[in-house]
Amino acid sequence: MFGFLKKKLGEVISRFSEKATETLVERGSTGPSRKEATWEAKEEKKEELKEEKQPAAKPVPAARKAEEVKAEVKPREKEKEEKKEAKEVIREEPKKGFFGRITSTVTEAVTTTRISEARFEELFLDLEITLLENNVAVEAIDKIKADLKGSLVEKPLQRGKVEEAIRKTLRGSVEGLFTSGYDLKEKIKEIAAGKKPAKIMFVGINGSGKTTTIAKMTKMLQDNKLKVVIAASDTFRAAAIHQLQEHADKLGVKLIKHDYGADPAAVAFDAMKYAEAHGIDAVLIDTAGRLHSNVNLMAEMEKVARVAKPDFKIFIGEAITGNDCVEQARKFNEAIGIDGIILAKADVDEKGGAAISVSYVTNKPILFLGTGQGYNDLMPFSAEAVVESLGLAA
Ligand SMILES: Nc1nc2c(ncn2[C@@H]2O[C@H](COP(=O)(O)OP(=O)(O)OP(=O)(O)O)[C@@H](O)[C@H]2O)c(=O)[nH]1
Ligand SMILES: [Mg+2]
């Protein structure tokens, strides 16, 4: 995940800091402007050439004392010596670029740089395009921009540390895009301890990964010694019940099912009754995939939620669909108020835009990432891991 974005981000940050440092040489308050620096370099060169062309020392009139001659020659030699030293200093410095060398020699007073707002806007464009290309939502980009602006514009930035400052701010900004999550299995344990099964309803558009995620979640809860029953509340699609039955058989859990076309809320209700009667810890409710634009199907989902009163309504989004996934999450959240997000197919998503944006846009936590088609391919989500994957870790 983030493979593509990480590479691009690294390039953009380097370009940003490089160009911001160029600004320093052009606008340095105490140092020379780029024009001045070039002019001074030319003057120095001219002087060197003049010296080389000068004929050998004129013959000294015999009447003049040796001390006088020495006194006259000494300052010139000293001057030459000093110039030589200065040149050596320039040569010794590590690769700083031509303008960098000139400024640091002419004046050491310039130790900080400032980026004007206009320059920032110009430089941010590069980053903005990269984020847009990687499906990061506009709201998230606006936040990143505001954070960077607040930390960089007209702030004294230590020379040579501009890149570090950009990275640090970006790191903090990206971390701030995630609503903090919770440990779902611990919450389930708490609810089940009160002699009631925890009810978790899974929603999302067609094919986003709901049924597969339910199977993975069943395995994860079983691994944590929790008992599960699954409700086949997707009564809409012909193969849905069959698909769930296969998973339930493989995992050794009970599936509560009705016929195709039955009331999905009734299936969920029956599963809850079964769980209560059999000391089951968690009821996982599968639902039919639906487009957020389908008013009737969204209304049906609201009904299931009203009847089943799930403790958690989890939105399953397809990481790879980027901005569409974020938009769907927003709409499902508006319809039933989701409690968390699982991004499936993170293993095939190179951009990561949905992962970066969806929590910020909905103000809900990402709980897990689906990382494959196997039962163990469910990874707890971590903001630190995202920052690290983006190459922004400290
Ligand atoms: N690579 C990968 N594939 C996944 C992941 N999760 C689900 N899939 C695949 O995505 C396809 C659709 O998954 P389902 O679980 O059937 O999706 P659904 O949301 O239940 O679909 P509907 O019931 O039709 O709405 C299947 O082929 C899954 O194997 C994942 O994390 N990674
Ligand atoms: Mg399904």
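In what order do the 8 strands of the open sheet lie, and what is the sense of their pairing? In this predicted model, the order is E5-E4-E6-E3-E7-E8-E9-E10, and the pairing is mixed. The edges are formed by strand E5 (254–256) and strand E10 (378–380), each of which has a single partner strand, so that one side of each is left without a neighbour in the sheet. From one strand to the next, the twist averages 25°.

At the E5 edge, strand E4 (residues 228–233) pairs with E5 in the parallel sense over 3 bridges, and Ile230 has Leu255 of E5 as its bridge partner. Helix H11 (residues 264–278) packs on the sheet, where it touches E4 and E5 together with strand E3 (198–203) and strand E6 (282–287), and its direction makes about 165° with that of E4. Helix H14 (residues 353–362), in turn, lies across strand E8 (340–344) and strand E9 (366–370), running at about 165° to E8.

Ligand 1 is surrounded by 20 residues, of which Gly209, Lys210, Thr211, Thr212 and Gln373 come nearest. This shell divides into 2 nonpolar, 12 polar and 6 charged residues, and its largest share, 4 residues, comes from helix H9 (residues 210–223). Oxygen atoms of ligand 1 take part in several polar contacts: an N or O atom in the side chain of Arg237 lies at 3.2 Å from one such atom, a polar side-chain atom of Gln243 at 3.1 Å, and a polar backbone atom of Gly370 at 3.3 Å. Taken alone, ligand 1 exposes 650 Å², of which the protein buries 82%.

Technical notes. Residues numbered from 1 in each chain as written. Chains lettered and ligands numbered in written order. Predicted model: local features only at pLDDT ≥ 70, side-chain atom pairs only at ≥ 80, totals over all residues. Heavy atoms only, no water. Near = heavy atom within 4 Å. Polar contact = N/O pair within 3.5 Å; in protein donor to acceptor, adjacent residues only side chain to side chain. Areas by Shrake-Rupley, 256 points an atom, 1.4 Å probe, with all protein chains shown as cover. Helix = DSSP H or I, 4+ residues; strand = E, 2+ residues; numbered from the N terminus. Nonpolar A, V, L, I, M, F, W, Y, C, P; charged D, E, K, R; others polar. Pairing = 2+ DSSP bridges. Axes fitted to C-alpha atoms, helices over the stretch in contact; angles between N-to-C directions. Contact = heavy atoms within 4.5 Å.
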